[in-house]
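Me: I would like to go through this model by question and answer. Please keep each reply short and let it end on the value or name requested.

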Amino acid sequence: MSLIVAEKIEKSYATNAALRGVNIAIEPREWVSITGPSGSGKSTLMNILGGLDLPTAGCVRLNGTDICALSEDGLARFRRETIGYIFQQSHLIPYLSATENVMLCQYFHSIPDEEEAREALRRVGLGHRLDHKPSQLSGGEQQRVCIARALINSPKLLLADEPTGNLDRENTRVVLELLKRMYDEEHFTIVLVTHDPFVAEWAGRVVGMEDGHIVFDRKAGET
Ligand code: ADP
């Protein structure tokens, strides 16, 4: 069974159509990049696939659940239990340490466990930064905290929107290598939005968007 099935997805904002009839199915354990120029609908599609936003028309089944039919509370619970998120901005709480930021995510899911949070940070190479606040971390280190936070509750799906958008090439590579290692070790699916061809090709599958449509859908490395 596909992890995500989205059919005839449309999304309009007033007179502006962000998505114009998108169909896509994503299998468990796939790593899919969604790429395309700015304004082509990448983030809108990712947000709808991950239940952060609802389509104007069409429906999304995620892990067997029609997410458009859930109540607001039901959808929030479903997101907490099923999905981890990484964004371009870290959205870390500035007055909490790296460990506490990860524990906050555990708290909203179930029960905070400090040692588990510390171990998650060690796994992303931040064993020496456990008690640092976000302002004491580099951009690359902050994104590594975000990876630990996104994966702490063992989500089925990891959604990443321009996760390396604020990083230089070297830190981009470090973050992607880390994501790849976690992806190989754990059993989640990745949907990653990027406008950067270097980042897109780390996936197994690359989906191209233009003007609210999918214009190609190919294996990474193929042209
Ligand atoms: P991308 O991620 O490819 O840059 P987006 O999905 O962010 O593109 O946006 C697609 C289109 O939808 C753009 O024209 C954008 O201006 C519009 N759009 C996105 N979000 C909103 C919003 N909240 N209100 C109005 N228009 C929006």
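Me: In which loop does Gly-125 lie?

Reply: The model is a predicted one, in which local features need pLDDT of at least 70, side-chain atom pairs count only at pLDDT 80 or more, and totals for chains, interfaces and linings use all residues. Residues are numbered from 1 along each chain as its sequence is written, and side-chain values use heavy atoms, with hydrogens and water left out. Helices (H or I, at least four residues) and strands (E, at least two) are DSSP runs numbered from the N terminus. On that numbering, Gly-125 lies in the loop between helix 4 (114–123) and helix 5.

Me: Is Gly-125 buried, partly exposed or exposed?

Reply: Buried means under 20% relative accessible area, exposed means over 50%, and partly exposed is in between, with a 1.4 Å probe and protein chains only. The relative accessible area of Gly-125 is 35%, so the residue is partly exposed.

Me: How far apart in space are Gly-125 and Leu-62, C-alpha to C-alpha?

Reply: Along the sequence, Gly-125 and Leu-62 are 63 residues apart. In space, their C-alpha atoms are separated by 32 Å.

Me: Which element gives the most residues to the shell around the ligand?

Reply: A residue belongs to the surroundings of the ligand if one of its heavy atoms lies within 4 Å of it. The residues found there are Tyr-13, Asn-16, Ala-18, Pro-37, Ser-38, Gly-39, Ser-40, Gly-41, Lys-42, Ser-43 and Thr-44. Strand 2 (16–26) and helix 1 (42–49) each supply at least two of the shell residues. The most, 3 residues, come from helix 1.

Me: How many residues of the shell around the ligand are charged?

Reply: Ala, Val, Leu, Ile, Met, Phe, Trp, Tyr, Cys and Pro count as nonpolar, Asp, Glu, Lys and Arg as charged, and the others, Gly among them, as polar. The shell has 3 nonpolar and 7 polar residues, and the number of charged ones is 1.

Me: What percentage of the accessible area of the ligand does the protein cover?

Reply: A polar contact is a pair of N or O atoms within 3.5 Å; within protein, one must be able to donate a hydrogen and the other to accept it, and residues adjacent in sequence count only if both atoms are side-chain atoms. Ligand oxygen atoms have such partners in a polar backbone atom of Gly-41 at 3.1 Å, a polar side-chain atom of Lys-42 at 2.9 Å and a backbone N or O atom of Ser-43 at 2.9 Å. Of the 570 Å² of accessible area that the ligand has on its own, the protein covers 58%.

Me: What is the angle between the planes of Trp-31 and Tyr-183?

Reply: A pair of aromatic rings is described by the distance of the centres and the angle of the planes. Rings of Phe, Tyr and Trp (its six-membered ring) pair if their centres lie within 6.5 Å; planes under 30 degrees apart count as stacked, over 60 as edge-to-face and the rest as tilted. The whole structure has 5 aromatic pairs. In the edge-to-face pair of Trp-31 and Tyr-183, the centres are 5.3 Å apart and the angle is 70°.

Me: How many residues apart in sequence are the parts that the pair of Trp-31 and Tyr-183 ties together?

Reply: Both Trp-31 and Tyr-183 are buried. Trp-31 lies in strand 3 (residues 31–35) and Tyr-183 in helix 6 (residues 169–185), so the pair ties together parts whose separation in sequence is 152 residues.

Me: Which residue lies over the face of Tyr-183?

Reply: Ring pairs link Tyr-183 with Trp-31 and Phe-188 into a cluster. A charge sits over a ring if NZ of Lys or CZ of Arg is within 6 Å of the ring centre and within 35 degrees of the ring normal. At 4.7 Å from the ring centre of Tyr-183, the residue over its face is Arg-29.

Me: Where is Glu-162 found?

Reply: Glu-162 has a positive phi of about 50° although it is not a glycine. At 12% relative accessibility, Glu-162 counts as buried. Its place is the loop between strand 7 (157–161) and helix 6.

Note on methods:
Accessible areas come from the Shrake-Rupley method with a 1.4 Å probe; for residues, only the protein chains shown count as cover.
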